[in-house]
Amino acid sequence: ARRLAAGVHAAAWAGPAPLPPGARTDSGFLPLPNRRGSLFYLLQAADVANAPIAVWLQGGPGASSLTGCFHEHGRWTTDEATGALHPNPHAWAAGPCGMHMLYVEQPAGTGFSKPGPGGPPRSVAAAAADLVAALTAYFHGPGRAYADHPLLLTGESHAGRFVPESAAALLAAPPAGVPRLAGVAVGNGVTDPRSQTLTLAPYLHAAGLLDAAEAKAAAKAADHVASLIDAGRYRDAHDARQALLDDLTERCLGAGGTLLDVRRARGYDPDNTVAALLRHPAVVAALGVPADHPPWIRKSPDVKDAMWADKMVSSAPAFARVLSSIPALLYQGVADAQDGPLSNEAWVEGLQWPRAGEYGAAARRPLLDAAGGVAGHVRSGGGLTTASIRDAGHMSPRDAPGVVHALVQGWAARAVTGGA
């Protein structure tokens, strides 16, 4: 592992701004068994030494978790307009309820992580096995000081599959030396592609982005995706869903728009400011990445291709198994037409676990911001907390940083003490 010296960054980074001084960050590679490659990690330590340690996984599949670090909730984040780095007052590692944030680039082949000779894993189950192996290596090696801290698995987007499958694997066979898994949290997740695809037309119609005839046609196309999933034709289902997403994006939002946030004229980080940071030779060297390593990219096409068919498989059963043992948080920005509250409610309402009745009976209540305004709504019962965030899209921590910071840290504090 490498401990990053702020002075190295300040002296070497020649971009629009240096990385801020005083960062407490480790990074390195975690070897996987059987020549399956290695996973890159970056740790940002919490302000409180005995804080829980939270693993963050990005989606994709093949999206780098360093995007979450440097564009959402790390100690510094990039400005989409200028590429400048700004200290983030809402970093998840910051404050009295902060967490030690362990950003892991997975599956192998994502970001700086290295695939083995056989290439990236081809399923979420295989990726989960690799993550368990990497965490075992971490807590037996560079992270041994955190081995007695509560562990949380967190993530976003396709991590709606990575997180529950990895958590289920950890709970089924807890590795020696790995901390107790205390809870899981997912933002704007994709967990059950079938039911979530069926919500696209209703959302866009209600938002005024489709008329009745267009919504009917989109619903028919979504039904076709569902029928392909039901037939086990996952690759065909993926292609049909992608065609539907492309058509709806063009029809509703035009070139450059994104269903992940219907308010945006362009997608998140459209000018690749995080890539500019992580490709700078001085930053690469400070992270302990070999100089001849392929340039960092935020989403690996090789990983995407390897996991193409598996992307349409549901992880709702794994999520139910996890909820039977530990608490979970699901939060979504309401401007996300693809993976927002309506999309996630579609599969959550049918979820079965021992305490599901408590969640079903729970009332929704306002989620307040620091000024006392209504920033969304939250519902909690039976170990499950769900939240909708008003002024946010897919990357909720980026769009509503203060609200999500308070929500996640508050939930985490309750999860590790058994109060969630």
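## Spaces, helix pairs and a few odd bonds

A search through the whole structure, which is a predicted model, turns up one cavity of 30 Å³ or more. That cavity has a volume of about 30 Å³. Its walls come from Val-190, Gln-196, Thr-197, Leu-200, Arg-241, Gln-338 and Asp-339. Sorted by class, the cavity lining has two nonpolar, three polar and two charged residues.

Keep Arg-241 in mind, as this residue also turns up in a helix pair. Two packed helices are described by the angle between their axes and the distance between the axes. For helix H7 (residues 212-230) and helix H8 (residues 234-253), the angle is about 165° and the axes are 8 Å apart. Angles over 145 degrees count as roughly antiparallel, so H7 is roughly antiparallel to H8. The crossing of H7 past H8 is left-handed. On the H7 side, the residues in contact are Glu-214, Ala-218, Ala-221, Ala-222, His-224, Val-225, Leu-228 and Ile-229. They meet Tyr-234, Asp-236, Ala-237, Ala-240, Arg-241, Leu-244, Leu-248 and Arg-251 from H8. By class, that contact of H7 with H8 holds eleven nonpolar, one polar and four charged residues.

H8 has another job for us as a landmark: with six residues, H8 gives the most to the lining of the largest pocket. This pocket has a volume of about 800 Å³. There are 30 residues lining it, and those closest to its centre are Ser-157, Thr-258, Leu-260, Lys-299 and His-394. The class count for the lining of the largest pocket is eight nonpolar, 14 polar and eight charged residues.

Ser-157 deserves a second look. What is odd about the backbone of Ser-157? Its phi is positive, at about 65°, although Ser-157 is not a glycine. Most residues other than glycine have a negative phi, and most peptide bonds are trans. To find Ser-157, go to the loop between strand S9 (151-156) and H4.

From that loop you can carry on into helix H4 (residues 159-172), which packs with helix H12 (residues 316-323) at an angle of about 45°, their axes 8 Å apart. With that angle, H4 is oblique to H12. H4 passes H12 in a left-handed crossing. Here Pro-164, Glu-165, Ala-167, Ala-168 and Leu-171 of H4 meet Ala-318, Phe-319, Arg-321 and Val-322 of H12. The residues in this contact split into seven nonpolar, no polar and two charged.

Now for the second largest pocket, which has a volume of about 260 Å³. Of the 16 residues that line it, Gln-332, Pro-341, Glu-345, Arg-364 and Thr-386 lie nearest its centre. Strand S11 (328-333), helix H13 (341-348), strand S13 (374-381) and strand S14 (384-389) are the elements that give two or more residues to this lining. Which element gives the most to it? H13 does, with four residues. By class, the lining of the second largest pocket has seven nonpolar, five polar and four charged residues.

Last come two peptide bonds worth finding on screen. Gly-60 and Pro-61 are joined by a cis peptide bond, with omega about 0°. Look for Pro-61 in the loop between strand S4 (53-57) and helix H2 (65-73). A cis peptide bond also joins Gln-106 and Pro-107, again with omega about 0°. Pro-107 sits in the loop that runs between strand S7 (100-105) and strand S8 (114-115).

Note on methods
Residues are numbered from 1 along each chain as its sequence is written. This is a predicted model: local features need pLDDT of at least 70, side-chain atom pairs count only at pLDDT 80 or more; totals for chains, interfaces and linings use all residues. Side-chain values use heavy atoms; hydrogens and water are left out. Axes are lines fitted to C-alpha atoms, for helices over the stretch in contact, and angles run from 0 to 180 degrees between N-to-C directions. Angles under 35 degrees count as roughly parallel, over 145 as roughly antiparallel, 65 to 115 as roughly perpendicular and the rest as oblique. A crossing is left-handed if the near helix is turned anticlockwise from the far one by less than a right angle, and right-handed if clockwise. Contact means heavy atoms within 4.5 Å. Ala, Val, Leu, Ile, Met, Phe, Trp, Tyr, Cys and Pro count as nonpolar, Asp, Glu, Lys and Arg as charged, and the others, Gly among them, as polar. On a 1 Å grid over the protein atoms alone, a cavity is a set of points where a 1.4 Å probe fits but cannot get out, and a pocket is an open set with protein on both sides within 12 Å along at least five of seven lines; lining residues have an atom within 4 Å of a point. Grid points are joined across faces, edges and corners, and a volume is the space filled by probe spheres set on the points.
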